[in-house]
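Me: Please show the sequence and the structure. I should then like to ask how several of the assignments are justified.

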Amino acid sequence: MSGALVADRITKTFAVSRGGTTRELRAVNDVSLAVAPGEIVGLVGESGCGKTTLSRIMIGIETATAGAITYDGRPVRTRAEWRALRRSVQSVFQDPFTALCPTMRIGDALAEPLAIHGICPPAERKERVSRMLEMVGLHPDMARRLPNQLSGGQRQRVNLARALMLEPKVLICDEIVSGLDVSVQAQVLALLIALQEGLGLSLVFISHDLRVVRYLCTRVVVMYMGEVVEQGDVEAVFDHPQHAYTRSLLAAIPDHSRLSAGATT
Amino acid sequence: MAPVLAVENLSVSFPGARGQITVVEDVSFTLEAGQSLVIAGESGSGKSMVCQTLLGIAPGAASVTGTRIDWKGRNLLTLNEPEWQAIRGAEIAMIFQDPTAALNPLITVENQIIDAIRAHRRVSRAEARARAVEVLGLAGFPEPEHRMRSYPSELSGGLRQRVAIALALSCSPSLIVADEATTNLDVSIQAQIVKLLRELKDRLGLALIFVTHDLGLAAEIGGDLLVMYAGCAVERGPVKSVLTDPCHPYTRGLLRSAPTLRSSRANPLRPIPGQMPKPGSVGAGSPFRSRCPVVVDGVCEAQRAGWTSAGPGHDVACHRFALEGREGLR
Ligand SMILES: Nc1ncnc2c1ncn2[C@@H]1O[C@H](COP(=O)(O)OP(=O)(O)OP(=O)(O)O)[C@@H](O)[C@H]1O
Ligand SMILES: Nc1ncnc2c1ncn2[C@@H]1O[C@H](COP(=O)(O)OP(=O)(O)OP(=O)(O)O)[C@@H](O)[C@H]1O
Ligand code: SF4
Ligand SMILES: [Mg+2]
Ligand SMILES: [Mg+2]
């Protein structure tokens, strides 16, 4: 499939040592996941079920113990192939390791991927940064600021803008809206929808908030202890969950719409 | 029943470059034994600051003022530090967002709870230990006799939060203040902790203040809801009335931007445009006026709105609502 990112029968084991003995931990077990162009796939499941590990394998930060990643129908194996893939597949993580460098101005942080991949002539980079800031709903003046001069929601949008600088085809988002206030979260979700509808961007969207997944995603994959237990169209899975684990996950979601059927406008 | 806690006109401010910056303004509420109050509002609205004043742990630079904070007949606004120490943990206890911050990594769970109990009560180690087992059991900590010998780092996040709850329960407080106590937890664990807090409230007759920015969680906790915006209380009432019949433009905006399990793109979320004003920049008018779709010209810039009744126990601080009721909000 053109532009599709496919994880084919991925297994990942870690060696964990505890009290002198080394044990094998199977974080991901024989999982397959395909993201078609323009599709938003939600990846859900409890903490530790392997969501982040799988997504890191899909962009080559982590190597699979078994299984293969293909992009555009071609397997991605060598360093050069991963490097090429990262022009089309970008990721945004919530963790501080990929967060912004505290001493680098926002504009420079956004221009950096262009420089690394030698894409756009230096003279045009500033213009491209301004356009991207506007696209994520921030004022181009933000380019002069440092990360600590931004609010949480603004910072998350800058992270998103940075991942979008290379105009990727696929974006992997790991818990990017969890820490945000609902009003800011709604702004980020609106942006993701606009990118999907306008540019045909596809997303892998990892979240523990099933309310957000239901709203944003077209398809959902439910993982439990390293394995996929259920997947399907969002409506089907949410309205008629087949697996007991999916049902328990849905029941745990705090939801004010249970107070009344559609009384809020 | 007489309330155990009555907060009257609480304000908190910090010294700024051009005078005091008010971060909590004129907040009032009451709470009865066995009842819960949820405080909701976006980041920076002053929720944690309200909690901290109830435990006498507001930052040193903060100036805390008000008519009175009545706690079982005493005024918390006039306490000195030794008096606070007798109340904090013993009568009013707090559970924080990050359980690791509340727990000492170098001391076993058992010894931390024993120390906390013996700091407030003259009991033997054996008695304190028995109480530790009891409160860990109440908090749903599995096999307390055995596992209380663990260090916090050996426990999962959910178990650590249960230890923090046990610690809070250890001296039989009458009020527990939970500030985003489930925010970092996995949804399944979060649901368990919320259920536990609700049960403890009913079983032990505890008063509970639960701070969250998640309206879904507010609905699960129940009781009363206080919605804060930029330091001000803007709407209050039974959780169910406020969430099913929101009457302040900000509460309405929050609900329109919060996804539920019934949301779909066919009915898009509507983010509240703009941003919350910076602390100290609100001036005299309504704190929400820069983002409000139904501003009353000439009034909202000039003065804060007083409370208008919107139903039994349900009040709203909004000029538009005062003038036209629900019709004016559309
Ligand atoms: N580098 C590593 N070494 C050893 N174990 C690891 C490593 N990375 C992850 N794990 C383990 O693999 C399992 C899956 O972890 P992963 O981070 O993928 O879960 P997750 O679904 O993203 O969880 P969360 O929702 O908490 O982010 C966990 O048991 C985790 O402890
Ligand atoms: N030590 C301090 N000095 C000055 N201002 C402070 C201080 N601590 C907090 N503030 C300000 O007080 C306001 C209220 O903060 P508070 O922590 O109560 O917000 P909150 O509603 O709990 O937000 P969150 O949801 O992010 O926890 C904020 O504007 C904050 O910046
Ligand atoms: S109508 Fe006036 S008082 Fe009511 S929320 Fe809007 S600005 Fe505030
Ligand atoms: Mg993860
Ligand atoms: Mg807070």
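Me: What makes the pair formed by the side chain of A:K51 and ligand 1 a polar contact?

Reply: In this predicted model, an N or O atom in the side chain of A:K51 is 2.8 Å from an oxygen atom of ligand 1. A polar contact is a pair of N or O atoms within 3.5 Å (within protein, one must be able to donate a hydrogen and the other to accept it, and residues adjacent in sequence count only if both atoms are side-chain atoms), so the pair qualifies. A polar side-chain atom of A:T53 lies 2.5 Å from a ligand 1 oxygen, and a backbone N or O atom of A:C49 lies 3.3 Å from one.

Me: Why is A:C49 called buried or exposed?

Reply: Buried means under 20% relative accessible area, exposed over 50%, and partly exposed in between (1.4 Å probe, protein chains only). A:C49 has 2% and is therefore buried. A:C101, at 37%, counts as partly exposed.

Me: How do you know how many disulfides the structure has?

Reply: A disulfide is a pair of cysteine sulfur atoms within 2.5 Å. The search of the whole structure finds zero over all chains. For A:C49, the closest cysteine sulfur, in A:C217, is 15 Å away and therefore too far for a bond.

Me: On what conventions does this rest?

Reply: Residues are numbered from 1 along each chain as its sequence is written, with chains lettered from A and ligands numbered from 1 in the order in which they are written. As the model is predicted, local features need pLDDT of at least 70 and side-chain atom pairs count only at pLDDT 80 or more, while totals for chains, interfaces and linings use all residues; side-chain values use heavy atoms, leaving out hydrogens and water.
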